[in-house]
Amino acid sequence: MGALKRHRLGGLPSDNALSKVPQLGVSRDTVGAWLRGERFPQRSEALRAVLGEIRAEAARQDVLGAPADGVSGESVAELLAEDRWSQTWEAERLRLTRSNQEGVARQQARRALEDEERRARRAALADRPRPVRSWAPKRLGVHPAIPGESADPDDADFVLPTYVRRAHDVRLHARLAAAVADHASLLVVVRGESCTGKTRTAVEALKAVPDDFQLLFPTDAASLLAMLAADALGRRTVLWLNEAQHYLDSPVGEAVAAALLRRLDAEGPFIALATLWPEHDKTFTAQHTLSRDDFNRQARALLTQAHYVHIPPSFADDLDAVRRAAAQDRSLATALEAGGSDVTQVLAAGPDLVAHYEHPHGPHGVYGKALISAAMDAHRLGITRAIPLAFLHDAAPGYLTDSERAAASPDNWFTGALTYAQKMIKETISPLQNVPRPSGMGALPGVVRLADYLRQHGRCTRRLLCPPTTFWNAATHHLTNPNDLARLADAASNRYRLRHAAHLYRAAAEAGNPYAWVRLAYMRKEAGDQEGADRLIRTAADAGNAYAWVWLAGKREEAGDLEEADRLYRAAAGAGGVHTDALMGLAYKREEAGHRERAEWLYRTAADAGHLLALHRLQKMRKEAGDQEEVERLVRRGAYAGSTYDMVRLAKMRANAGDHQEAERLVRAVVDAGDTDALTVLARSREEAGDHQGAERLYRAAIDAGDTKALRELAYMREEAGDKEEAERLYRAAIDAGDRFAMTDLAVRREEAGDQEEAERLYRAAADAGVTYAWTQLVDMREVGDQEEAERLVRQAVEAGHTYALTEQTDILTESGDEEEAERLYRIVADAGHADALMRLAGRREKAGDEEEAERLYRTAADAGHADALMRLAERREKAGDKEEAERLYRTAADAGHIFAWVRLADIRERAGDQEGAERLYRIVADAGHASSLSRVTEQKYWQYGLEGEHAATRPWPWPEPCTDAGGSP
């Protein structure tokens with residue numbers, strides 16, 4: 001019928017004219033789609049109406065008796081017979097209905113089969129899922145409190161005090177409830193210092209999860225990887241990752257992070273609840289250029305996706321709530337009697353642990369303290385696993401004075417020391433604790449773990465101290481984990497204990513860390529032993545060490561032997577994993593140096609080995625070169641490799657080329673893989689191309705697939721089309737579905753409409769849900785007539801942890817040229833007591849030439865405890881020639897923890913001719929693990945062969961050579 005209209009009737013009647021037929025009520029695009037065979041009319045009367053108009057036009061043109069197509073022998077009249085089309089429509093409707101029913105049945109069958117397979121895989125796992133309500137707080141890792149009323153009558157020794165809810169609890173519960181309602185996958189990281197209540201906060205948050213959820217608690221990283229590999233983390237599941245560093249900082253940590261990241265991209269509801277210390281979080285999320293040293297790339301990518309909950313270090317702002325709860329809880333009452341606001345630390349007996357450690361008593365106290373000190377140093381320098389007692393035994397003598405060692409009984413000093421170090425404090429916790437077996441009953445023999453609070457205490461109080469020689473020797477002889485050994489080797493190197501670093505690198509390599517041979521070779525090269533470094537690398541390469549291949553490839557490339565270099569690069573890439581990351585690091589360097597052709601070759605080599613990021617870098621380089629055809633080929637390659645990112649990009653490319661059928665096929669494949677965002681991305685692309693009807697259809701499909709963001713996108717579109725009523729309805733639907741950003745969107749509309757009360761209500765709800773923009777809008781609304789309330793809101797935002805985003809908002813204002821508004825917001829944040837804002841504001845004043853105000857602000861920040869402010873003040877005084885005041889400020893900054901202040905003080909002493917004083921200060925920097933802050937000239941001037949023991953310069957020592965094959969095999 002469409003072909004007849006187009007070719008025999010000259011396109012008449014037009015699609016636009018047909019769409020205006022009263023019985024239709026559809027757009028011209030819909031009519032056109034019917035007549036092109038792209039869509040099926042849902043109503044038979046609509047089909048008959050189109051048929052009647054085309055038959056009338058055929059009659060007007062007097063072609064009813066003419067052949068319809070010259071092939072079938074039918075006339076136009078026979079083609080346009082109403083009965084025929086009614087029968088055809090009914091038959092097609094039945095076929096589509098059956099097809100849809102079969103499709104639904106297939107989907108249900110597939111899901112049932114998948115669920116059955118998942119149940120079977122779960123049954124085969126060592127760590128099984130259990131209903132979320134069946135897990136006790138003790139089993140999930142909550143520490144017992146000092147004696148009070150136990151919440152569990154069957155476990156009277158485990159004291160669980162009344163939980164005092166705070167602002168972060170409200171936000172966390174709301175976030176989890178929204179994820180469940182949205183059928184979303186969510187990673188939550190509860191971040192806080194030791195004994196601040198991280199695990200208890202996470203346990204209480206489980207109350208926001210429905211009873212039918214299952215919870216899985218993997219024993220270790222290998223168990224978690226097995227769960228992910230078996231696809232056992234299905235919908236309506238909670239993954240419990242208490243002390244997440246144990247999973248991410250392991251031999252399979254990067255594989256765990258990558259697999260968990262893929263799980264978060266799949267369908268939900270699925271919740272991963274993790275707890276993490278700030279120092280571990282900082283390690284995992286620290287930015288690196290992609291190089292061979294970037295061991296946490298996948299962990300960083302994973303944590304970037306997380307929703308963070310920051311636990312305050314104390315109950316300073318919630319003491320009234322604690323007092324109310326303490327009236328009915330003996331544990332809380334006891335904690336309050338200790339004074340101060342560190343309630344959770346007192347509950348966990350933290351201060352008593354410190355007192356037991358810092359003030360040893362009895363005949364075995366000093367020896368027990370030595371064991372605890374060695375364990376503290378082990379943990380702060382990178383040991384994450386249980387600590388062998390044999391290691392503590394051999395490390396302890398270096399923590400004792402000569403007289404203490406002489407007074408020790410050779411036969412029983414260690415037994416007495418261990419008894420002291422394992423004494424139960426307040427009947428709650430001991431400094432050194434037994435380690436339970438991963439499965440079964442009892443403790444693992446020969447190992448202990450250090451209490452969390454003492455780990456934190458050790459990091460703070462021992463940060464400037466370097467472990468004694470006995471510590472490094474004991475580690476070399478008794479530790480066996482290759483990654484622990486490598487971390488300790490790095491720690492020794494950072495403290496300029498070069499001899500110990502070399503032996504630890506060898507031990508790490510022989511235990512199975514292949515990169516340790518390369519680190520040892522670098523050390524030899526930096527020490528001037530190029531021949532020894534090359535010999536070591538060649539030995540490692542001959543044993544199949546891929547890191548060594550990269551090293552040798554770089555050497556061959558420098559020598560101009562590209563053929564051999566390329567062979568070695570390809571061999572390293574073929575080894576996969578972090579070896580391809582090493583190629584990526586080289587490719588970046590070549591690209592930055594302007595060697596684009598060489599960089600592209602390296603990217604291709606890494607991409608051929610399966611490195612997806614290398615493929616994306618290639619796409620970028622080809623796009624910059626204007627080679628669009630090659631870009632699409634590379635994008636298609638990524639799509640075929642299963643990259644949903646590339647599948648969506650390819651869909652947009654095909655849509656822009658007019659191939660909407662292929663575009664939607666690709667998007668449907670992405671959606672089937674669990675990424676409903678793809679529909680929204682394609683819809684946005686259609687909208688930008690002007691196809692508003694196609695865009696709306698895709699938005700609604702995304703909504704049907706559970707993508708609540710599509711509600712907001714569709715609301716934008718309806719708003720631009722002038723349909724304010726429908727837009728507001730969609731915004732409210734998005735809010736009801738848990739989209740917190742829709743609250744601010746609707747608040748803006750209500751504000752524009754003059755409904756200030758409703759706008760403020762929505763902004764407050766969004767702010768409570770964690771939307772930072774809502775805070776700034778509330779401040780703006782209040783500042784007009786209520787400056788005091790505006791400043792109270794900013795303080796509230798700062799306390800809620802939104803300072804970074806508030807200052808980020810000022811950066812946006814600065815970039816837009818609104819300097820006055822940016823500085824106004826900075827001042828409000830600074831007046832709320834945030835030192836970082838003071839620093840930024842001082843820098844702005846300094847840049848503007850307002851030296852007096854800059855100095856005042858730096859001093860205010862320094863008074864608030866900001867070490868960088870002290871450094872800036874010291875530098876300003878030094879520049880002004882006031883050396884005495886500069887040195888005083890540098891010392892204050894050093895005492896506040898600013899390592900580089902020690903370097904500046906040492907430089908001042910050296911320039912003043914005080915060589916002994918300079919060397920003493922340089923040693924402090926080295927002992928603290930920041931030898932890299934010292935110049936190579938300084939190191940060579942004072943300690944050519946490194947440091948040994950208590951700051952003594954080391955004499956020449958022989959380099960350790962491999963005693964097994966250099967590939968790390970035993």
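**Sheets, helices and aromatic contacts in a predicted model**

Strand 8 and strand 9 (residues 443-450) are paired in the antiparallel sense, with four bridges between them. The structure that contains them is a predicted model. Within this pairing, Asn434 has Val448 of strand 9 opposite to it. The two strands belong to an open sheet of three strands, ordered 7-9-8, in which the pairing is antiparallel. Strand 7 (387-388) and strand 8 (432-436) occupy the edges, and each has a single partner strand, so one side of each remains without a neighbour in the sheet.

A parallel pairing is found elsewhere in the chain. Strand 2 (residues 185-191) and strand 6 run parallel and are joined by four bridges. One residue of strand 2 can be followed across the pairing: the bridge partner of Arg191 in strand 6 is His310. In a regular strand, side chains alternate between the two faces of the sheet. Strand 6 (residues 307-310) shows this alternation: His307 and Val309 point to one face and are buried, whereas Tyr308 and His310 point to the other face and are not buried.

The packing of helices may be considered next. Two packed helices are described by the angle between their axes and by the distance between those axes. For helix 18 (residues 365-380) and helix 22 (residues 452-461), the angle is about 80 degrees and the axes are 9 Å apart. Angles of 65 to 115 degrees count as roughly perpendicular, and helix 18 and helix 22 are therefore roughly perpendicular to each other. Helix 18 contributes Ile372, Met376, His379 and Arg380 to the contact, while helix 22 contributes Leu454, Arg455, His457, Gly458 and Arg459.

Aromatic side chains provide a further set of contacts. Over the whole structure, a search finds eight aromatic pairs. In one of them, the ring centres of Tyr496 and Trp943 are 5.9 Å apart and the ring planes stand at 55 degrees, so the pair is tilted. This pair links distant parts of the chain, its members being 447 residues apart: Tyr496 is in the loop between helix 24 (482-494) and helix 25 (498-510), and Trp943 is in the loop between helix 52 (936-942) and strand 10 (947-948). Both Tyr496 and Trp943 are buried. Tyr367, Trp413 and Phe414 together form one aromatic cluster.

Aromatic rings also meet charged groups. The charged end of Arg166 sits over the ring of Phe315, at 3.7 Å from the ring centre. Likewise, the ring of Phe270 has the charged end of Arg263 over it, 4.2 Å from its centre.

Several loops contain notable details of the backbone. The loop between helix 1 (2-8) and helix 2 (15-19) holds Pro13, and the peptide bond from Leu12 to Pro13 is cis, with omega near -10 degrees. Pro269 is placed in the loop between helix 11 (253-264) and strand 5 (270-276); the peptide bond that leads to it from Gly268 is also cis, with omega near 10 degrees.

Positive phi values occur at two residues that are not glycine. Asp62, in the loop between helix 4 (44-60) and helix 5 (76-79), has phi near 60 degrees. Glu243, in the loop between strand 4 (237-241) and helix 10 (245-248), has phi of about 55 degrees. Asp62 is exposed, with a relative accessible area of 69%, whereas Glu243 is buried, with a relative accessible area of 12%.

Note on methods
Residues are numbered from 1 along each chain as its sequence is written. This is a predicted model: local features need pLDDT of at least 70, side-chain atom pairs count only at pLDDT 80 or more; totals for chains, interfaces and linings use all residues. Side-chain values use heavy atoms; hydrogens and water are left out. Rings of Phe, Tyr and Trp (its six-membered ring) pair if their centres lie within 6.5 Å; planes under 30 degrees apart count as stacked, over 60 as edge-to-face and the rest as tilted. Buried means under 20% relative accessible area, exposed over 50%, partly exposed in between (1.4 Å probe, protein chains only). A charge sits over a ring if NZ of Lys or CZ of Arg is within 6 Å of the ring centre and within 35 degrees of the ring normal. Two strands pair if DSSP finds at least two bridges between them. Axes are lines fitted to C-alpha atoms, for helices over the stretch in contact, and angles run from 0 to 180 degrees between N-to-C directions. Angles under 35 degrees count as roughly parallel, over 145 as roughly antiparallel, 65 to 115 as roughly perpendicular and the rest as oblique. Contact means heavy atoms within 4.5 Å.
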